[in-house]
Amino acid sequence: MMERIRGFLREVGAKAGIEDWIIEALSRPEKVYKATLRVKMDDGSVRFFPAYRVQYSTARGPAKGGIRFHPAVTEEEVTALAFWMTIKNAVVDLPFGGGKGGVAVNPKELSRTELERLSRAYVRAFADVLGVDRDIPAPDVYTNPQIMAWMLDEFETIKRRSEPGFITGKPVALGGSEGRNIATALGGFFVAEEVLKDLGIERPTVAVQGFGNAGSNFARLAAEAGWKVVAVSDSRGGVYDPDGLDVEELLRVKKEKGSVIHYERRKKISNEELLTLDVDLLVPAAIENVITEENAGDVRARIVLELANGPTTPEADKVLQERGVVVVPDVLANAGGVTVSYFEWVQNRSGERWSFERVKDELSKKMKKAYAEVKERAGDLRKLREGAYALALERVAEALRWRS
Ligand code: NAD
């Protein structure tokens, strides 16, 4: 993973004319913290879990990035994710560096009280290096507002002071922001609006892969805007109707029956078929590496909006670019989540509480500005990924130059 990042830095850095010493500086994390968490289980036994917090870069501000609870977590993975947070935060021009955390654990095997003890143990292990001006965690895979609340409570107990801005993605009652739950989808939606305007498409047809937080909220926003959502899917498969699906009904079916495939009287399609539908806007919002060298030639969408992280392989990306497909890269398309986290941090520091309308307004401005800047840097709608990477790297490089 780090090899890929170094290759990436050399390639983008060379094109953007960035000095070798900056590439060298960004080829490794600033700080890596490791701990073994000791957790008492409900049955009285004791288990141990490897835990990490990586502050990849603090050149542009305090480190910022989520904490992941997943069995596959490793130091290398957390480090790579912390690097990508550095890039994402710079693309949307947030005053943050990049960080990430993780615990190698299968949270599904833990009871609620065990999960609470694990979350508190994480904070005890890293409390010295976290904080509102130092490193600000947030939810990621299998962590949620309840876990953020336990972490905040532990942190404030240790520090003997109130510091809500130490963590984002909290429940609103503890200083969380309105709109955080749909922020990723909303940010992607605002960018999609701009791309559609640029391409002169008014009522796009839309296919969404993945019907979780990001995908289902995006589908709802699209339907509300009068766009035609013709296909959606989840891990069990998808449904398709060229006349448009009823998204509210899909949300109900997903909630009641566990999968969108129970949406009635519509054509069933596989996740692979969904990717090759003839639509204006394709939104991968599930997992990584779904658009590959094998199927990129069959993608018929005019726009791919990467709500998921890393849904397109580098080989597939080249094929899409050659075929003139406009790909909105993940570092821009799904940056709405971290942007509203930033708004949460701003609110906590100023003691304000913004209305949902204000959050929506500020997010719209931030995402549209980021899109405009990426587009200008790219110079060509087919090169948005290159543009976003170059812009981010230039921003981090500028901060490093002033500091050196
Ligand atoms: P989620 O767990 O809420 O939803 C994931 C959805 O994908 C589920 O509907 C699941 O059934 C489906 N899925 C899983 N495997 C699949 C497969 N093989 N094929 C098709 N569908 C499959 O997750 P989420 O929070 O919506 O995140 C989705 C993606 O968006 C991830 O890549 C995540 O990293 C990215 N993302 C999310 C946020 C956020 O704030 N939620 C922010 C940034 C990036």
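## Close-up views of a predicted model

**View 1. R161 and E163, a salt-bridge pair.** R161 counts as partly exposed, at 45% relative accessibility. Please keep in mind that the model you are looking at is predicted. The partner of R161 here is E163, and the two side chains meet in a salt bridge, with 2.7 Å from N to O. E163 has a relative accessibility of just 8%, so this residue counts as buried. The pair therefore joins a partly exposed residue, at 45%, to a buried one, at 8%.

**View 2. K15 and E11 in helix α1.** Here you can see two residues of helix α1, which runs through residues 2-16. K15 and E11 sit four residues apart, and that is about one turn of the helix. A salt bridge joins them, and the closest N and O atoms are 3.8 Å apart. Are the two partners buried or exposed? K15 counts as exposed because its relative accessibility is 57%, and E11, at 51%, is exposed as well. The cut-off helps here: exposed means over 50%, so E11 with its 51% passes that mark.

**View 3. K197 and E194 in helix α6.** This view shows another pair within one helix, this time α6 (residues 183-199). K197 and E194 are three residues apart, again about one turn of the helix. Their side chains meet in a salt bridge of 3.2 Å, N to O. Now look at how each partner is placed. K197 is exposed, with a relative accessibility of 60%, whereas E194 is buried, at 15%. Buried means under 20%, so the 15% of E194 falls on the buried side.

**View 4. A network of salt bridges.** Salt bridges can also link up beyond a single pair, as in this group. Which residues are linked in a network of salt bridges here? The members are E116, R120, R124, D153 and E154. For the wider picture, the count of salt bridges comes to 36.

**View 5. The two domains and where they touch.** The protein chain is divided into domain 1 (29-163) and domain 2 (182-333). Their C-alpha centres lie 30 Å apart. How many residues of each domain are in contact with the other? Four residues of domain 1 are in contact with four of domain 2. Together the domains bury about 330 Å² between them, and carbon and sulfur atoms give 68% of this area. K88, V91 and V92 supply 81% of the area that domain 1 buries against domain 2, more than any other three residues. By class, the touching side of domain 1 has three nonpolar residues, one charged residue and no polar ones. Across this interface there are zero salt bridges, and zero residue pairs are found in polar contact.

**View 6. K88, a buried lysine in helix α3.** Let's move in on one of the residues from the previous view. K88 is placed in helix α3, which covers residues 75-91. Its relative accessibility is 10%, so K88 counts as buried. Leaving aside neighbours within four places in sequence, K88 is in contact with N309, D330, V331, N334, A335 and V338. N271 offers a useful marker of scale: K88 and N271 are 183 residues apart in sequence, and their C-alpha atoms are 27 Å apart in space.

**View 7. V208 and its surroundings in strand β7.** V208 lies in strand β7, made of residues 205-209. At 0% relative accessibility, this valine counts as buried. Beyond its neighbours within four places in sequence, V208 is in contact with residues including G215, F218, A219, L274 and V283. S233 is also among these contacts. V208 and S233 are 25 residues apart in sequence, yet 6.7 Å separates their C-alpha atoms in space.

**View 8. D317 in helix α10.** Our last stop is helix α10 (residues 314-322), where D317 has its place. Is D317 buried or exposed? At 16% relative accessibility, D317 counts as buried. Setting aside its neighbours within four places in sequence, D317 is in contact with T312, V327 and R385.

Definitions and conventions
Residues numbered from 1 in each chain as written. Predicted model: local features only at pLDDT ≥ 70, side-chain atom pairs only at ≥ 80, totals over all residues. Heavy atoms only, no water. Buried < 20%, exposed > 50% of the residue type's maximum accessible area, 1.4 Å probe, protein only. Contact = heavy atoms within 4.5 Å. Domains from an automatic or database assignment. Buried area = accessible area lost by both parts, 1.4 Å probe. Salt bridge = Lys/Arg side-chain N within 4 Å of Asp/Glu carboxyl O. Polar contact = N/O pair within 3.5 Å; in protein donor to acceptor, adjacent residues only side chain to side chain. Nonpolar A, V, L, I, M, F, W, Y, C, P; charged D, E, K, R; others polar.
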